[in-house]
Protein chains: 2
Amino acid sequence: VAPTEALVRQLERIVGPGHVVTDLEVIAGYTADFTGRFRGHTAAVVRPLDAAQVAAVLSVCRAEGVALVPQGGNTGLVGGGVPLRGEVVLSLRRLDVISDVDPVGGQLTAGAGVTVGAVQRAATDIGWAYGVDLSSRDSATVGGTIATNAGGLRVLRHGDTRAQLLGVEAVLGTGEVVSHLGGLLKDNTGYHLPSLLCGSEGTLGVVTAARLRLVPPPHEPVVALVALSSVPGAVELAGSLRRELPGLEAVELFFDEGLDLVCTATGVAPPFARRHRAYLVVELSGGEPAAAALAGLLEGSGAMANSAVALDPVPAAALWRYREAHTEAINSIGPPHKMDVTLPPATLAEFVEAVPGAVTSIAPQARTWLFGHAADGNIHVNVTGVAPEDEAVDAVVLELAAAMGGSISAEHGIGTAKRRWLHLNRTPAELSTFATLKRALDPDNVLNPNVLLGG
Amino acid sequence: VAPTEALVRQLERIVGPGHVVTDLEVIAGYTADFTGRFRGHTAAVVRPLDAAQVAAVLSVCRAEGVALVPQGGNTGLVGGGVPLRGEVVLSLRRLDVISDVDPVGGQLTAGAGVTVGAVQRAATDIGWAYGVDLSSRDSATVGGTIATNAGGLRVLRHGDTRAQLLGVEAVLGTGEVVSHLGGLLKDNTGYHLPSLLCGSEGTLGVVTAARLRLVPPPHEPVVALVALSSVPGAVELAGSLRRELPGLEAVELFFDEGLDLVCTATGVAPPFARRHRAYLVVELSGGEPAAAALAGLLEGSGAMANSAVALDPVPAAALWRYREAHTEAINSIGPPHKMDVTLPPATLAEFVEAVPGAVTSIAPQARTWLFGHAADGNIHVNVTGVAPEDEAVDAVVLELAAAMGGSISAEHGIGTAKRRWLHLNRTPAELSTFATLKRALDPDNVLNPNVLLGG
């Protein structure tokens, strides 16, 4: 149902006339995602200032039978924050206050509209770090990263976004405003609503603030680029690094084709004279002793001869660049289909070897680029040379991942884009339980009704 | 409703005649907790073998309107696993199989009845460790520790039980059997049922198996005992250790009165010639370099002169003993009231100073013993010299903790013992949301109806 003029007036009474956006030019910034793949439309964007306003907006929309799409930085990749069916957009960006910063306990409270980058800077200012990092850090918001349970570059060491949540304030679809921002590291007093809301993609409630734990900053980081002759060898090495190195911060994986593309697109020289099949970027804390422990492991696995190790930030950044430049290098040859999957360790190498052939079997002109977070089993599959609306390659890749015991979404979520494949990962009993929870916490189906389960 | 003879016959048809226990002598082992504080009664203990049998038992009990109390190792401390109102006991101990052990990925699947100690040994056998450790390790089960979201000695480094769960198999109160044991470290495909079930104290579903992540074993552990002249000084040092030492495994706190009691009760000599107010036991991984980093921090804080540092396992165990012997030393002077609370860093020291006086103000003969997990803010308050059934001291301690922003349950849970105080930590909106979730997943209120919310 499209919002009526009368609804707009009601919303204006809640948030103020300047914060119900109906100007089509301004609205355009809220109706399409940043990649341009998902384009919707809406008659209004509502921009509340706090949880009380969110609750009032929700109450009005429930009464009028109008659906809401919560939106943060609009950096989602699965169409979960875009009004594809004319929903009212509930923009949380004005909830952008960081408060109750605790330098002894290492915690802070962030409004849903605070960017991940702002949390990181506030943490650094008091000698701590935020455990979540991702390339969209300066646009992605706390609320959006909670809704999608964002992963990123530090999951190996600090866990996903869910693991950072000491508490949330949220407006549920029932209209209840729940708040538990005391920041207790151990608190067994009932059901863990932060964990349930995290990853629920705005379908159960609107998170308006979160109490976030902070983590120790990396100490004297050591970075290594390790070249390996086989994919199974890389997977196995990632496993032993995880088991043997207590200060391990990240183990990232990429391959020969991707490295070639990065070198061509960015003009950097290849890291080694000879070409290798697989590469790991390894980062660990602990300076010289950590570097020695890493070198010992690499010697033992026969990989030391094809490794570069850096303790200095400048060469360390240069080694990271080979991995980080993948996204821009791939974008330079055309907008890719982006799939993020997780494989269990036992089938990760097999998946990597099989997926390019599976793609070209149905799209001979396509090219497949793989990179990811090796120690988590999380592989980003990018496919270029296929029309944006052609979902056949998505189907092939996701079906292959599921058939090998993997997840069709490691970190992006389901959104609207992957709903049709959710049954690949979830049994009817699980889907039925999800629907039960949805009905319980959003009985009028007003929050993101077309995301995750709806449609 | 007490089970009828006809119900017993139905249950026997599901689990076999030998596994519906009605012999009163055998039943006695299931109707009281191990401390003897909680004593119930039941006409039957059902011991299913797998999730299908659990589902069938649940179905029969729902149809007959008979409540179930799930039970693991019966080591709970809040009466959550004992049939206080004549419920049928659902013992999960026969689900004791460890399977799908993955030495590369560091994971295993454990049935609900596997003990924490057995998980630890299976992990050690393949070069990994289990992130949860607690003193009841050889009785407490995987299912029980998930139901209570058990904490213990390693939460600082590896998180609580919830953080170890890659997936669960569970029978919900709705009768749905959900299973997601693929062991993917990143998997954003819907609501996170493991996190919701973890800490729900058997009120939403019966966890029958779990896929557990394993963690790197401690490498070259360094243990230090640090004496401090003030409680605030100890809290502050715990905070800086957490921020500065990447390999930190544990920071445990105790005090002068407790140390005196430990030395008297166990016959060990005091660690230092002079008496100090507060003590920290610190453990970190990393051998000599880690010990040097720790020594640097202790020098900087002026605490090095009153510290003992051990890299060798034998003296390290002797230092740990001062902390670990608290429970037996306290038990030696009478059964204590045990309360486990968490305080925020800002009020932790104030709480420690205030609680003994608050207790003696209403029970002059009582003695208060405090120890805990300093870096988590988790303080175990033990009170001796008070009759077991006299809950006035419990009320004073829990009200004080809540008034200072703390949790009335850090890790034991609410059970039946703390229901009357749950409102101290949870708003009406939160309690109403818990009740909504309970009705959604256990619509006939058959699972632990007297625990957490019921009564």
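**Exercises: the A–B interface and a sheet of chain B**

Between chain A and chain B, 34 residue pairs are in polar contact, both residues being at pLDDT 80 or more; a polar contact is a pair of N or O atoms within 3.5 Å, where within protein one must be able to donate a hydrogen and the other to accept it, and residues adjacent in sequence count only if both atoms are side-chain atoms. The model is predicted, local features need pLDDT of at least 70, side-chain atom pairs count only at pLDDT 80 or more, and totals for chains, interfaces and linings use all residues. Residues are numbered from 1 along each chain as written, chains are lettered from A and ligands numbered from 1 in written order, and side-chain values use heavy atoms, without hydrogens and water.

**Exercise 1.** Find how many salt bridges join chain A and chain B, and examine one.

*Solution.*
1. A salt bridge puts a side-chain nitrogen of Lys or Arg within 4 Å of a carboxyl oxygen of Asp or Glu.
2. The count between the two chains is 4.
3. One of them links Lys186(B) to Glu411(A), at 2.7 Å from N to O.

**Exercise 2.** Determine the strand order of the open sheet in chain B and identify its edges.

*Solution.*
1. Strands are DSSP runs (E, at least two residues), numbered from the N terminus, and two of them pair if DSSP finds at least two bridges between them.
2. The 7 strands of chain B follow the order S13-S10-S12-S11-S15-S16-S14, with antiparallel pairing.
3. S13 (307-310) and S14 (337-342) of chain B each have a single partner strand, so one side of each lacks a neighbour in the sheet.
4. Inside the sheet, 3 bridges join S11 (248-255) to S15 (367-373) of chain B, and Leu253(B) stands opposite Gly372(B) in S15(B).

How values were computed: Helix = DSSP H or I, 4+ residues; strand = E, 2+ residues; numbered from the N terminus.
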